[in-house]
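Good morning, everyone, and thank you for making the time. I would like to walk you through one model today, beginning with a pocket and then turning to the sheet.

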Amino acid sequence: MGGSTRPFPESYWNHNAAFHGELVADAARRGGRALDVGCGEGLLVERLSAVCDEVVGIEVDPASLERARARVSGIGKAAVSQTDIMDPGAVDRLGQFATVTCVAVLHHLPLEEGMERLAALVAPGGRLLVIGLAARKSVADWVLDLLGVVPIRCASLWHHEILDIGVPTAPARESLRHIRAIARRTLPGARVRRRFYWRYSMVWDRPDRQQW
């Protein structure tokens, strides 16, 4: 598939990239191999490559994948491939990544099965880091999100947010309450927090032992 001729920026800030700094800093504590699931056009893969021994990005969208390949083409320890994480056998390195990141992707997947698949990629002693979107399903969800409108808008103006970076998007389906409940059942010990920019974070550490 031919690439888009639209002049997308080399670097940018938006409500997902706002979390890249903390993800990279967290990955730096472990180093080793990292995997970015749903890597889009590859900015996080590029940033992770500065602190990890090897970084793999996987993406299903052909146009985004082409841009990601161009972005990391000069980075010897970074690679991207067209892979659907939910395809059986799609990722042949289960349990081999010290860090697995997943930014604004989990809501594209079947929730419980997606969590299980992400967890299976994490090496013993490694960490899964998710930045996700949750749907507004309760009065509390609406109130908390409305309270954030003005400060988030100010932050977006301050950082010169680029809203459209040319990657596929989808609306969130599940509420944060539901996501927490599934995480408790699927990933014991996972820490799910409501975050700024209408996002949530989920952190799960795989025990050092092989069974969990």
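**A pocket and its sheet**

Let me start with the second largest pocket, where α1 (20-28), β5 (122-132), β6 (191-195) and β7 (199-205) each contribute at least two residues to the lining. Please keep in mind throughout that this is a predicted model. The volume of this second largest pocket comes to about 160 Å³, and the residues lining it include Glu 22, Leu 23 and Asp 26, together with Arg 191, Arg 193 and Arg 195. Also among the lining residues are Leu 129, Val 130 and Ile 131, as well as Ser 201, Met 202 and Val 203. Sorted by class, that lining consists of six nonpolar residues, five charged ones and one polar one.

Now to the sheet, which is open, has seven strands with mixed pairing, and follows the order β3-β2-β1-β4-β5-β7-β6. Its edge strands are β3 (78-82) and β6, each of which pairs on one side only, and from one strand to the next the twist averages 15°.

Within that order, strand β4 (residues 97-103) pairs with β5 in the parallel sense, over six bridges, and Thr 99 has Arg 127 in β5 as its bridge partner. Packed on the sheet is α1, which touches β4, β5 and β6 and whose direction makes about 175° with that of β5.

What does helix α3 (residues 62-72) lie across? Helix α3 lies across β2 (54-59) and β3, and it runs at about 165° to β3.

Definitions and conventions. Residues are numbered from 1 along each chain as its sequence is written. This is a predicted model: local features need pLDDT of at least 70, side-chain atom pairs count only at pLDDT 80 or more; totals for chains, interfaces and linings use all residues. Side-chain values use heavy atoms; hydrogens and water are left out. On a 1 Å grid over the protein atoms alone, a cavity is a set of points where a 1.4 Å probe fits but cannot get out, and a pocket is an open set with protein on both sides within 12 Å along at least five of seven lines; lining residues have an atom within 4 Å of a point. Grid points are joined across faces, edges and corners, and a volume is the space filled by probe spheres set on the points. Helices (H or I, at least four residues) and strands (E, at least two) are DSSP runs, numbered from the N terminus. Ala, Val, Leu, Ile, Met, Phe, Trp, Tyr, Cys and Pro count as nonpolar, Asp, Glu, Lys and Arg as charged, and the others, Gly among them, as polar. Two strands pair if DSSP finds at least two bridges between them. Axes are lines fitted to C-alpha atoms, for helices over the stretch in contact, and angles run from 0 to 180 degrees between N-to-C directions. Contact means heavy atoms within 4.5 Å.
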